[in-house]
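Work through the exercises below with the structure open beside you. Try each task before reading its solution.

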Amino acid sequence: MNRVEGLDKVTGRATYAYEHTVPGVAYAHAVPSTIARGRIRSIDTAAVLAIPGVLAVLSGDDPPELGEDVDPELRLFQGRTVAYHGQIVAAVVAETLEIARDAAGALRIEYDAEPHDVRLRPDHPGLYRPETVNPGLPTDVEYGDVAAGLASAVVTVDATYTTPVLHNNPIEPHAALAVWEEDGGLTVYDSTQGASADRDAIAAVLRLPPEQVRVVSPHVGGGFGCKGTTRPSAILAALAARAAGRPVKVAVTRQQMFDVTGYRTPTIQRLRLGADAVGRLTAVAHDIVEQTSTVREFAEQTAAGTRVMYATPNLRTTHRLVRLDVPTPSWMRAPGECPGMYALESAMDELAHAAGMDPIELRVVNEPDTEPESGLPFSSRNLIACLREGAHRFGWDPRHRDPGVRRDGRWLVGTGVAASTYPSRRSAAQADAAIDGDGFVVRIAAADIGTGARTALTRIAAQTLGVSPDRVRVEVGDSALPRAPLAGGSMGTASWGSAVVKACEGLLKNGEHGTGDTTEDVEADSKLARHAFGAQFAEVRVDVDTGEVRVSRLLGVFAAGRIVDPVLARSQLIGGMTMGLGMALMEGTVVDERFGDFLTDDLAQYHVAACADVPDVEAVWIDEDDPHLNPMGAKGIGEIGIVGTAAAIANAVFHATGRRVRDLPITPDKLL
Ligand code: MOS
């Protein structure tokens with residue numbers, strides 16, 4: 001089955017946020033702060049208002065009245081304090097985008113700068129223990145006696161891994177078009193991963209009843225988490241439209257995206273593992289340091305994967321944060337599991353090497369009977385099956401144990417493996433289904449951010465109704481549709497699909513119309529540990545003269561319940577793996593400590609993997625029949641693909657070269 005909206009997309013008919021047209025539109029452009037901490041002394045609005053075509057200047061000189069109990073990043077123009085470099089401190093509204101940008105560049109702002117601190121370090125005096133980590137998980141988990149477990153171990157690993165600031169880079173940067181209706185209502189065409197929550201947040205910031213706000217987002221050009229929460233661009237469009245008395249468009253530039261739409265926190269992760277003579281873990285300690293901003297706390301759940309992976313009598317995981325003068329970190333594909341499993345799965349490889357064991361066998365002997373942290377049974381867990389299937393397909397055996405011995409001309413060649421995991425959650429959603437001509441229409445405020453959600457839901461509806469998919473039309477991407485959770489946490493299909501099945505079953509029963517609300521079903525979900533698992537295999541070639549790393553093969557084998565649509569699933573999984581390759585070898589935002597800003601803020605300097613970087617990437621899955629999940633029997637697949645990839649590549653680099661790089665990305669300089 002092709003993507004429902006595929007033809008619209010390849011012919012340019014699919015309308016993205018910035019492309020919606022309304023008469024009389026004006027344009028706003030944001031002005032970022034040029035200091036990392038301090039106060040605004042003065043803003044010279046008069047000079048800019050004199051530029052022909054300029055309609056208004058927004059700034060803290062005339063603060064709008066905004067809701068209080070909202071994300072402080074959305075409370076624009078509320079004062080003169082600057083909390084980070086690139087924070088939106090003013091904006092210009094003008095007749096054209098060009099005038100708005102030009103005038104924004106001409107706006108003179110005087111600052112009183114104060115000393116800033118943007119450097120994450122393990123001994124930072126400001127480190128503190130957050131009350132919980134996202135999404136409400138315990139900050140620390142400890143059972144047994146880690147010190148005793150380490151002391152009794154035959155083999156130990158004690159290593160610290162670091163990951164840099166990483167930035168989501170969807171092809172479509174954030175954009176919004178705000179239109180105030182005559183009745184006081186507001187319509188925002190926004191680039192968002194969830195119209196319902198976006199509508200609620202916009203309404204709360206602007207102090208409007210939610211039913212007076214509508215968010216329209218039929219097509220979204222990627223998100224990876226950075227469009228999972230409302231961003232200042234949507235609020236700016238609404239405020240600018242009110243100031244100008246006209247509809248206003250805001251396009252966030254690629255450079256601005258780096259400051260105002262979130263990023264993945266850098267991490268410093270100390271891993272201590274101990275194992276007995278046969279490789280069974282006697283202790284696991286994973287202690288994490290990461291950053292947040294002075295604006296709002298964001299506490300990434302970096303140890304989440306470590307709490308579900310391996311059997312051990314003694315476990316400790318901790319998270320510590322420090323508030324720096326930086327933008328607030330946010331979600332980026334597999335927040336928590338992705339950086340955390342890089343460290344854990346690298347350490348497991350180090351342990352296997354130290355113990356003289358095959359890294360697959362090390363994982364097999366540490367397979368737990370129940371979820372280590374909670375003691376709950378798994379709804380299904382097929383990690384070992386993934387490792388075995390991957391080993392077979394990849395040609396893992398026979399593998400030379402010694403690193404740095406396989407050579408092909410100028411290239412050292414090595415292979416690596418790592419496990420992956422990601423939770424399988426769902427949350428409450430609503431949908432309705434109705435007869436529509438000689439077909440059916442299904443309506444739900446789901447989001448298709450390029451994943452093919454619309455197509456997956458069409459299949460699910462058609463299957464439930466027992467008709468062919470071409471007789472079903474699915475409407476998504478509009479807060480006026482039945483309420484639905486966002487496309488995030490790999491729970492879109494599970495959450496929306498459950499409501500769609502219910503609505504279609506209702507239609508079959510009633511004959512004309514059906515509604516689905518899964519609030520009670522979700523509340524009644526049995527207490528089980530629900531996670532997808534996978535195994536990632538990498539083969540790398542390292543140039544002995546330049547240190548250049550090439551990934552010649554990537555294979556992922558996943559166990560993620562029932563796969564709803566094989567074409568879409570493969571795209572999600574290899575997309576995640578490709579992003580993981582970028583994390584391993586090239587992605588990393590450079591922080592300029594002097595000026596407190598991000599130096600690499602475009603795609604010329606922030607390198608994401610391109611086609612030539614990924615000559616051979618394949619994802620397959622093993623069938624998994626899990627009756628404990630949802631009517632589709634599906635686990636999420638949007639994020640697990642990126643989990644473990646970086647470790648598999650780093651482990652392969654070690655196997656190729658004998659060099660263990662514990663600081664991502666593995667750039668050539670670190671291998672010379
Ligand atoms: Mo994903 S980072 O949960 O949008």
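The exercises that follow treat a predicted model.

**Exercise 1. A residue in a strand**

Task: Decide whether A28 is buried or exposed, and find what surrounds it.

Solution.
- Step 1. Place the residue. A28 belongs to strand β1, residues 26-32.
- Step 2. Count its neighbours. A28 has 29 C-beta neighbours inside 10 Å. The cut-off for buried is 20 or more. Therefore A28 counts as buried.
- Step 3. List the contacts, leaving out residues up to four places away in sequence. A28 touches A91, V92, V93, A100, L236, A237, A240, V248 and V250.
- Step 4. Set sequence against space. A28 and L239 are 211 residues apart in sequence, yet their C-alpha atoms are 9.7 Å apart.

**Exercise 2. Checking a helix**

Task: Work out what span helix α16 should have, and compare it with the distance between its end C-alpha atoms.

Solution.
- Step 1. Take the length. Helix α16 covers residues 645-657, which is 13 residues.
- Step 2. Apply the rise. The expected span is 1.5 Å times one less than the number of residues. For α16 that gives 18 Å.
- Step 3. Compare. The end C-alpha atoms of α16 are 18 Å apart, which agrees.
- Step 4. Look at the surroundings. In α16, 13 of the 13 residues are buried, so the helix is largely enclosed by the rest of the structure.
- Step 5. Look past the end. G658, just after α16, takes a positive phi of about 80°. In the segment after α16 lies P665. A cis peptide bond joins L664 and P665, with omega about -5°.

**Exercise 3. A five-stranded sheet**

Task: Find which strands stand at the edges of the sheet β18-β19-β24-β25-β28, and which helices pack on it.

Solution.
- Step 1. Read the order. The five strands form an open sheet, and their pairing is mixed.
- Step 2. Find the edges. β18 (407-408) and β28 (617-621) each have a single partner strand, so one side of each is left without a neighbour in the sheet.
- Step 3. Check one pair. β18 and β19 (residues 411-423) are antiparallel, with two bridges. Here R407 stands opposite L412 in β19.
- Step 4. Add the helices. Helix α11 (residues 383-394) packs on the sheet and touches β19, β24 and β25. The direction of α11 makes about 135° with that of β25. Helix α16 also packs on the sheet, touching β19, β24 and β25. The direction of α16 makes about 155° with that of β19.
- Step 5. Inspect a loop. P398 is found between α11 and β18. The peptide bond that joins D397 and P398 is cis, with omega about -10°.

**Exercise 4. A four-stranded sheet and two helices**

Task: Describe the sheet β22-β21-β20-β23, then say how α12 and α13 cross.

Solution.
- Step 1. Describe the sheet. Four strands form an open sheet with mixed pairing. β22 (472-475) and β23 (513-517) stand at the edges, because each has a single partner strand. The twist averages 15° from one strand to the next.
- Step 2. Check one pair. β21 (residues 439-443) and β22 run parallel, joined by four bridges. V442 stands opposite V474 in β22.
- Step 3. Lay on the helices. α12 (residues 453-465) lies across β20, β21 and β22, at about 135° to β22. α13 (residues 492-510) lies across β20, β21 and β23, at about 150° to β23.
- Step 4. Cross them. The axes of α12 and α13 come within 9 Å and cross at roughly 35°. The crossing is right-handed.
- Step 5. Name the contacts. Residues of α12 including L457, I460 and A461 meet residues of α13, among them W496, V500 and V501. By class, the contact has eleven nonpolar, four polar and one charged residues.

**Exercise 5. Two positive phi angles**

Task: Are F77 and R207 buried or exposed?

Solution.
- Step 1. Take F77. This residue is not a glycine, yet its phi is positive, about 60°. F77 sits in the loop between β3 and β4. It has 20 C-beta neighbours inside 10 Å, so F77 counts as buried.
- Step 2. Take R207. Its phi is also positive, near 60°. R207 sits in the loop between α5 and β13. With 12 other C-beta atoms within 10 Å, R207 is exposed.

Notes. Residues are numbered from 1 along each chain as its sequence is written. This is a predicted model: local features need pLDDT of at least 70, side-chain atom pairs count only at pLDDT 80 or more; totals for chains, interfaces and linings use all residues. Two residues are in contact if their C-beta atoms, placed from the backbone, lie within 7 Å. Two strands pair if DSSP finds at least two bridges between them. Axes are lines fitted to C-alpha atoms, for helices over the stretch in contact, and angles run from 0 to 180 degrees between N-to-C directions. A crossing is left-handed if the near helix is turned anticlockwise from the far one by less than a right angle, and right-handed if clockwise. Ala, Val, Leu, Ile, Met, Phe, Trp, Tyr, Cys and Pro count as nonpolar, Asp, Glu, Lys and Arg as charged, and the others, Gly among them, as polar.
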